[in-house]
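The exercises below ask you to read a fold from the inside outwards, starting with a single residue pair. Each task is followed by a solution that goes step by step.

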Amino acid sequence: MTTITTILLDRDGTLIEEEHYLSDPALVRLIPGIATPWKTLAGRGCRFFLATNQSGIGRGLFSREDYEKVHARLLELLRDHGMNLSGAALCPHAPVENCSCRKPGTGLWEELAGKYGLWPEQTAMAGDKAADIRFGLAAGFAETALVLSGHGREEALKLGLPPLADHENIRHLPVRPGWPRYQARTLGHYLSDLVQRTAHQDNAHRI
Ligand SMILES: [Mg+2]
Ligand SMILES: [Zn+2]
């Protein structure tokens, strides 16, 4: 039975359209198709969190204030569609800084778990990069999903995942080192699948 209560999301290429080192709030666009399954899951008690690498800050390409403006715009767009984030954690460092919070390091998880009392066995992670998957595997999450938006297609090739057929929106993958449990066309497809899988749980509670 699926008992996912916490959904961690990568930002760029997963929740919003990939923009190279996004620092302009006007360019924030939600990936289509997420609102309906998101609201269903939220109605069942799921909470959503952001875990995002923002090395553009450490590389001096934009400031922390720019990030906060983009984040405020993201929250506004989510709110407009009836969604909200329960929390967000960011890594502002460049790779050369060798911090422990840049995914696939698990620092962002430790920060969120400590602050909000989260459990890895009830947590799912969705992202468009192998680093997001390695982060989820290292933290011991219940499941991980690679989405094929953003950098997802290249990353799926790098991981050697079998390509989705044209009619397929999500696939449950066999357990292999470094592989996600699910490969989904977009975050919306992954969340919709989670809605179906947790429906049983929902019914069980009502009986
Ligand atoms: Mg990403
Ligand atoms: Zn960091």
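**Exercise 1.** In this predicted model, find which residue in S5 stands opposite methionine 125, and then work out how S4 is placed between its partner strands.

*Solution.* Begin with the pair itself: methionine 125 stands opposite threonine 144 in S5. One position earlier, alanine 124 has glutamate 143 of S5 opposite to it. These pairs belong to the pairing of strand S4 (residues 123–127) with strand S5 (residues 143–147), two strands that run parallel and are joined by four bridges. Next, turn to the other partner, where isoleucine 7 stands opposite alanine 124 in S4. Strand S1 (residues 6–9) is likewise parallel to S4 and joined to it by four bridges.

**Exercise 2.** Determine how many residues of S4 are buried, and state which residues cover each of its faces.

*Solution.* Take the two faces separately: Thr123, Met125 and Gly127 lie on one side, Ala124 and Ala126 lie on the other, and all of them are buried. The count for the strand is therefore five of five, so S4 is largely enclosed by the rest of the structure.

**Exercise 3.** Place the strands in their sheet, name the edge strands, and relate the result to the whole chain.

*Solution.* The order across the open sheet is S3-S2-S1-S4-S5-S7-S6, with mixed pairing among the seven strands. Strand S3 (87–91) and strand S6 (170–172) are the edge strands, each pairing on one side only. From one strand to the next, the twist averages 20 degrees. Along the sequence, the pattern reads β-α-β-α-α-β-α-β-α-β-α-β-β-α, which comprises seven helices and seven strands. For the overall dimensions, compare the radius of gyration of 16 Å with the 17 Å that the globule rule gives for 207 residues: the two are close, so the protein is as compact as a globular protein of that length. Contacts between residues 24 or more positions apart account for 63% of those with a separation of 6 or more.

**Exercise 4.** Is threonine 6 buried or exposed, and which residues does it touch beyond those up to four places away in sequence?

*Solution.* First locate threonine 6, which lies in strand S1. Then apply the cut-off of 20 or more C-beta atoms within 10 Å: threonine 6 has 23 such neighbours and therefore counts as buried. With residues up to four places away left out, threonine 6 touches Arg47, Phe49, Leu118, Gln122 and Thr123. As a check on distance, cysteine 91 is 85 residues from threonine 6 in sequence and 20 Å from it in space, C-alpha to C-alpha.

**Exercise 5.** Which residues have the most contacts inside the largest nonpolar core, and what surrounds leucine 9?

*Solution.* The core in question has 41 residues, and those with the most contacts inside it are Leu9, Ala126, Ala145, Val147 and Tyr190. Setting aside neighbours within four places in sequence, leucine 9 is in contact with Thr14, Leu15, Phe48, Phe49, Leu50 and Ala126.

**Exercise 6.** Which residues of helix H1 are buried, and why can they be said to line one face?

*Solution.* In H1 (residues 35–43), the buried residues are Pro37, Trp38 and Leu41. Viewed down the axis of H1, they fall within an arc of 105 degrees, so they line one face of the helix. The general background is that an α-helix has 3.6 residues a turn, so residues three or four places apart point the same way. After H1 comes glycine 45, with a positive phi near 100 degrees.

Note on methods: Residues numbered from 1 in each chain as written. Chains lettered and ligands numbered in written order. Predicted model: local features only at pLDDT ≥ 70, side-chain atom pairs only at ≥ 80, totals over all residues. Rg over C-alpha atoms; globule rule 2.2 N^0.38 Å. Contact = placed C-beta atoms within 7 Å. Pairing = 2+ DSSP bridges. Axes fitted to C-alpha atoms, helices over the stretch in contact; angles between N-to-C directions. Buried ≥ 20, exposed ≤ 12 C-beta atoms within 10 Å, placed from the backbone. Arc of directions from axis to C-beta. Core = buried A, V, L, I, M, F, W, Y, C linked by C-beta atoms within 7 Å.
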